[in-house]
Amino acid sequence: MPTDYALLSTYPPTQCGLATFSAALLAHLPETGDNVGVVRVLDEPAPRNSPLIVHDLVNSCAASAAEAVGIIDGFDVAIVQHEYGIYGGHDGEDLISLLNALTVPSIVVLHTVLADPTDHQRRVLDAVISAADTVVTMTRTGRARVLGMYGPSPGKVFVVPHGAAGTLAARSAAPRRPGGPRVLTWGLLGPGKGIEHAIEAVARLRDGGLRVDYTVAGQTHPRVRASNGEAYRKSLQALARARGVDDSVHFDGRYLPVSALVDLVGTADVVLLPYDSVEQVTSGVLIEAVTAAKPVISTRFPHAVELLSGGAGLLIERQDPAGIAAALRRALTEPGLSERMSRRAAGIAPQLLWPAVASRYRELAATLTRIPAGATL
């Protein structure tokens, strides 16, 4: 039976992880006869660049929110992306009243589940979870946190992976360019990414006789740039100069199209995620790296622990240049290790690709739309 899906989220050309996620999900979600529409979340009005956008939810605008409810209720099911920072009100609390006003069933996708939220963050997420008909986390860690901290019925909370396009694997065997082993970090740049520790590791490796080329690709996060400009990037460039590795550390500040990213990932020997956070339960970059069958070295944030513990990568402690250097040396010099990690990554990739992920959302939606109004799961 055809289904009409409403998606509430940020959306391109907004440059953030939720917008990218939403566009990818909608590209794979509908089957023949289905209909999709986007209620785009914005801080201020902007031109609509896609026929899929049916309404703009302008934060802190009551009339816009009321209209959003009416439009979403014209669909069969709402898929709502949740992150504290994208909705209006303190910690995005304006989303609560919108969810409670909906008459169609809702699937709320939690992109962040903090281990140690503030009291207000906890109250907000508790209300969001209570208002949702189904809750999705992208990792087992996220689900365990939701169940342990907020107490919903276990049958209400499902794990569905983030999703990856798989296009980055298209040229994963690209010819190597001249130079030493290539290490890559990519994604929106800002404090907390841990790049400074990676640069220190590159310097340690050089001091120990192993020279690597390290590329940091991606523009500064728009919110970081709006508040602090390019201060973080400049501090990293200064650190590379001070440690004498500015000839080996390369910054590409563009928002890369897929074709350019495919080329970049294809020439990398290792993907490095030196993130500072211990909270991150979801990483789109991690998913894309694994589905590209690239060896990954990552700090022990929850998503990385789940995906890499089976052998697809090496786990390191955060803010530990010596540990990063040791892991890079192992991955780049230990016979057979890189190939074993790549094989393990390739083995788990199919379940992480967008067609499989979208199928899970269709299953959840079908379950909800078959349940009579007022019933509980």
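This briefing walks through two sheets, the helices that pack around them, and one buried residue. The model is predicted. One open sheet has 7 strands, and another open sheet is built from 6 strands. Keep the structure open beside you and look for each element as you read.

**The sheet of 7 strands**

- Going across this open sheet, you meet the strands in the order S3-S2-S1-S4-S5-S6-S7, and their pairing is parallel.
- Strand S3 (53–58) and strand S7 (157–159) are the edge strands, each pairing on one side only.
- On average, neighbouring strands of this sheet are turned by 20 degrees against each other, direction ignored.
- As a general reminder, strands of a sheet pair through backbone hydrogen bonds, either parallel or antiparallel.
- S1 and S2 run parallel and are joined by 6 bridges; here Asp4 stands opposite Asn35 in S2.
- Is S1 mostly buried or exposed? In S1, 5 of the 6 residues are buried, so this strand is largely enclosed by the rest of the structure.
- Further along, strand S5 (residues 106–110) pairs with strand S6 (residues 134–137) in the parallel sense, over 3 bridges.
- To find your way between S5 and S6, look for Val109, which stands opposite Val136 in S6.

**Helices lying across that sheet**

- Helix H1 (residues 17–28) lies across strand S1 (4–9), strand S2 (35–42), strand S4 (77–82) and S5.
- The direction of H1 runs at about 150 degrees to S4.
- Helix H5 (residues 140–150) lies across S5, S6 and S7, and runs at about 165 degrees to S7.

**Helices H3 and H4 side by side**

- How do H3 and H4 lie relative to each other? The axes of helix H3 (residues 94–101) and helix H4 (residues 119–131) come within 9 Å and cross at roughly 15 degrees.
- Angles under 35 degrees count as roughly parallel, and H3 and H4 are therefore roughly parallel to each other.
- The crossing of these two helices, H3 and H4, is left-handed.
- H3 brings Leu95, Ile96, Leu99 and Asn100 to the contact, while H4 brings Val124, Ala127, Val128 and Ala131.
- Sorted by class, the residues of the contact of H3 with H4 are 7 nonpolar, 1 polar and no charged.

**The sheet of 6 strands**

- In this open sheet the strand order is S10-S9-S8-S11-S12-S13, again with parallel pairing.
- Its edge strands, each pairing on one side only, are strand S10 (249–252) and strand S13 (313–316).
- Neighbouring strands here are turned by 20 degrees against each other on average, direction ignored.
- Strand S8 (residues 182–186) and strand S9 (residues 213–217) run parallel, joined by 5 bridges; Trp186 has Ala217 in S9 as its bridge partner.
- Helix H9 (residues 258–266) packs on this sheet and touches S8 and S9, with a direction about 145 degrees from that of S8.
- Helix H12 (residues 321–333) also packs on the sheet, touching S8, strand S11 (270–273), strand S12 (296–299) and S13.
- The direction of H12 makes about 165 degrees with that of S13.

**Helices H6 and H12 crossing**

- The axes of helix H6 (residues 195–207) and H12 come within 8 Å and cross at roughly 60 degrees.
- H6 and H12 are therefore oblique to each other, and the crossing is right-handed.
- On the H6 side, the contact includes His197, Glu200 and Arg204; on the H12 side, Ile324, Leu328 and Arg329 are among the residues met.
- The contact of H6 with H12 has 8 nonpolar, 1 polar and 3 charged residues.

**A buried helix and a buried residue**

- In helix H10 (residues 284–291), 7 of the 8 residues are buried, so H10 is largely enclosed by the rest of the structure.
- Among the buried residues of H10 are Leu286, Glu288 and Ala289.
- What covers the buried residues of H10? The cover includes S8, S11, S12, helix H11 (302–308) and helix H13 (337–348).
- Just after H10 comes Ala293, with a positive phi of about 60 degrees.
- Val271 lies in strand S11, and it counts as buried because its relative accessibility is 0%.
- Leaving aside neighbours within four places in sequence, Val271 is in contact with Leu184, Trp186, Ala289, Lys294, Pro295, Val296 and Ile297.
- Val271 and Tyr214 are 57 residues apart in sequence, and their C-alpha atoms are 9.8 Å apart in space.

Note on methods. Residues are numbered from 1 along each chain as its sequence is written. This is a predicted model: local features need pLDDT of at least 70, side-chain atom pairs count only at pLDDT 80 or more; totals for chains, interfaces and linings use all residues. Side-chain values use heavy atoms; hydrogens and water are left out. Axes are lines fitted to C-alpha atoms, for helices over the stretch in contact, and angles run from 0 to 180 degrees between N-to-C directions. Helices (H or I, at least four residues) and strands (E, at least two) are DSSP runs, numbered from the N terminus. Angles under 35 degrees count as roughly parallel, over 145 as roughly antiparallel, 65 to 115 as roughly perpendicular and the rest as oblique. A crossing is left-handed if the near helix is turned anticlockwise from the far one by less than a right angle, and right-handed if clockwise. Contact means heavy atoms within 4.5 Å. Ala, Val, Leu, Ile, Met, Phe, Trp, Tyr, Cys and Pro count as nonpolar, Asp, Glu, Lys and Arg as charged, and the others, Gly among them, as polar. Two strands pair if DSSP finds at least two bridges between them. Buried means under 20% relative accessible area, exposed over 50%, partly exposed in between (1.4 Å probe, protein chains only).
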